[in-house]
Amino acid sequence: MAEKKKQVQAASFYGDAAILGTVQADTIAVGETLTLASLTTTQRNALSAVNGMIVYNTTDAKIQGYQAGSWQNLI
């Protein structure tokens with residue numbers, strides 16, 4: 001029986017450019033490094049955030065995720 005792949009919304013950021021799209025994936029693997037979007041608190045708050053977003057907040061020097069309607073420090 002064939003496995004069903006999940007549709008995942010994905011974004012790739014480089015500087016001011018972003019590539020958005022849908023990919024099929026069971027897991028997303030990262031080779032050596034993962035660079036998150038680096039945003040100030042003001043820039044982060046201007047996002048149309050959805051649960052599961054992850055950013056690096058340069059104002060607080062924290063990795064943060066959006067969960068249940070608010071930004072949470074992850075580490």
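By the ring-pairing rule, the count in this predicted model comes to one aromatic pair. Tyr66 and Trp71 make up that pair, in an edge-to-face arrangement with 5.1 Å from centre to centre and 65° between the planes. Tyr66 is buried, and Trp71 is buried as well. The protein has one helix and six strands, and 12% of its 75 residues count as buried.

**Overall make-up**

- Read from the N terminus, the elements of the protein follow the order β-β-β-α-β-β-β.
- The protein exposes about 6,300 Å², and carbon and sulfur atoms supply 54% of that area.
- Among the contacts in the protein with a separation of 6 or more, 4% are between residues 24 or more positions apart.

**The sheet**

- Strands of a sheet pair through backbone hydrogen bonds, in either the parallel or the antiparallel sense.
- Here, four strands form an open sheet with mixed pairing, in the order S3-S4-S5-S6.
- Strand S3 (38–39) and strand S6 (70–73) are the edge strands; each has a single partner strand, so one side of each has no neighbour in the sheet.
- S3 pairs with S4 in the parallel sense, over two bridges.
- In this parallel pairing, Leu39 stands opposite Asn57 in S4.
- Strand S4 (residues 54–57) pairs with strand S5 (residues 62–67) in the antiparallel sense, over four bridges.
- Asn57 also stands opposite Lys62 in S5, while the bridge partner of Tyr56 in S5 is Ile63.

**The two faces of S4**

- Side chains along S4 alternate between two faces.
- Val55 and Asn57 point to one face and are buried.
- Ile54 and Tyr56 point to the other face and are not buried.

**Turns and loops around S5**

- S4 and S5 form a hairpin, with four residues between the two strands.
- Ala61 is in the loop between S4 and S5, and its phi is near 55°, a positive value in a residue other than glycine.
- Ala61 has a relative accessibility of 49%, so Ala61 counts as partly exposed, given that exposed means over 50%.
- Ala68 is in the loop between S5 and S6, and Ala68 also has a positive phi, of about 50°, although it is not a glycine.
- Ala68 has a relative accessible area of 69% and is therefore exposed.

**Gln72 in the edge strand**

- Gln72 lies in strand S6, which is one of the edge strands of the sheet.
- The relative accessibility of Gln72 is 32%, so this residue counts as partly exposed.
- With its neighbours within four places in sequence left aside, Gln72 is in contact with Ile63, Gln64, Gly65 and Gln67.
- Ile63 is also the bridge partner of Tyr56.
- Gln72 and Ile54 are 18 residues apart along the chain, and their C-alpha atoms are separated by 9.5 Å.

**A nonpolar surface patch**

- Ile54, Leu74 and Ile75 form a nonpolar patch on the surface.
- Together these residues have about 310 Å² of accessible area.
- Ile54 belongs to the face of S4 whose side chains are not buried.
- Leu74 is placed in the segment after S6.
- Leu74 is partly exposed, because its relative accessible area is 45% and the partly exposed class runs between 20% and 50%.

**The helix**

- Helix H1 covers residues 41–45, and Thr42 lies in it.
- The relative accessible area of Thr42 is 65%, so Thr42 is exposed.
- Thr42 and Thr59 are 17 residues apart in sequence, and from C-alpha to C-alpha they are 8.8 Å apart in space.

Definitions and conventions
Residues numbered from 1 in each chain as written. Predicted model: local features only at pLDDT ≥ 70, side-chain atom pairs only at ≥ 80, totals over all residues. Heavy atoms only, no water. Pairing = 2+ DSSP bridges. Buried < 20%, exposed > 50% of the residue type's maximum accessible area, 1.4 Å probe, protein only. Patch = residues over 30% accessible without salt bridge, like charges linked within 9 Å, V, L, I, M, F, W, Y side chains within 5 Å. Areas by Shrake-Rupley, 256 points an atom, 1.4 Å probe, with all protein chains shown as cover. Salt bridge = Lys/Arg side-chain N within 4 Å of Asp/Glu carboxyl O. Phe/Tyr/Trp six-rings, centres within 6.5 Å; stacked < 30°, edge-to-face > 60°. Contact = heavy atoms within 4.5 Å.
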